[in-house]
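Subject: Structure handover

Dear colleague,

Here is the structure I said I would pass on. My notes on it follow below.

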Amino acid sequence: MGRDLQSRRAVITGVGASGLAVALTACGADTGTTAEPAGSATAEAPAASSAPQGGLAKTADIPVGGGTIFKDQKIVITQPTEGQFKAFSANCTHKGCAVTSVENGMIDCPCHGSKFKIEDGSVAQGPATEALPAQQIKVEGDQISLA
């Protein structure tokens with residue numbers, strides 16, 4: 001009977017260690033995804049068919065007093081006043097999260113609530129303390145492209 005007890009203990013110990021390894025692997029997995037707060041608005045880039053060949057967008061795609069986020073290029077283009085276009089990095093200067101919306105004259109980061117002004121990318125509300133870095137764009141006629 002002593003041998004049977006030892007065999008059972010070995011099986012239980014082995015199963016316990018395997019289960020722990022699986023649990024640790026699952027907890028430590030980095031899927032590369034981030035959660036978005038419920039109800040957050042996302043400014044989507046215009047459909048590729050409406051963008052000019054080799055460009056990002058048409059000027060009409062960027063709302064006056066607002067902006068559009070181009071996720072693939074990690075850039076946000078704003079139009080603070082009619083005909084004035086600005087571009088900034090779409091990565092928050094606080095922790096590097098991607099900004100997800102442009103509303104009420106602000107570029108919003110959902111991670112910690114930082115807000116940036118569409119006119120110059122400066123911080124309107126922290127915790128970020130540095131402005132969004134300006135990006136170079138080229139506006140030719142009704143087309144906007146990276147400079």
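Which residue of β10 does K58 stand opposite? The residue is Q143. Please keep in mind that this is a predicted model.

The sheet. K58 belongs to β1, which spans 57–58. Strand β10 covers residues 143–146 and is joined to β1 by two bridges, the two strands running antiparallel. With β9 added, three strands make up an open sheet, ordered β1-β10-β9, with antiparallel pairing. Its edge strands are β1 and β9 (137–140), each of which pairs on one side only.

The salt bridge. The structure contains one salt bridge. D108 and K115 form it, and their closest N and O atoms lie 3.0 Å apart. On the acidic side, D108 has a relative accessibility of 11% and therefore counts as buried, the cut-off being under 20%. K115 has a relative accessible area of 28%, so this residue is partly exposed.

Residue T78. This residue sits in strand β3, which runs over residues 75–79. T78 counts as buried because its relative accessibility is 0%. Its side chain reaches the backbone oxygen of I118 at 2.9 Å. I118 is also among the residues that T78 touches, once those up to four places away in sequence are set aside. The others on that list are I62, G66, G67, Q84, F85, K86, F88 and I107.

Regards

Conventions
Residues numbered from 1 in each chain as written. Predicted model: local features only at pLDDT ≥ 70, side-chain atom pairs only at ≥ 80, totals over all residues. Heavy atoms only, no water. Helix = DSSP H or I, 4+ residues; strand = E, 2+ residues; numbered from the N terminus. Buried < 20%, exposed > 50% of the residue type's maximum accessible area, 1.4 Å probe, protein only. Polar contact = N/O pair within 3.5 Å; in protein donor to acceptor, adjacent residues only side chain to side chain. Contact = heavy atoms within 4.5 Å. Salt bridge = Lys/Arg side-chain N within 4 Å of Asp/Glu carboxyl O. Pairing = 2+ DSSP bridges.
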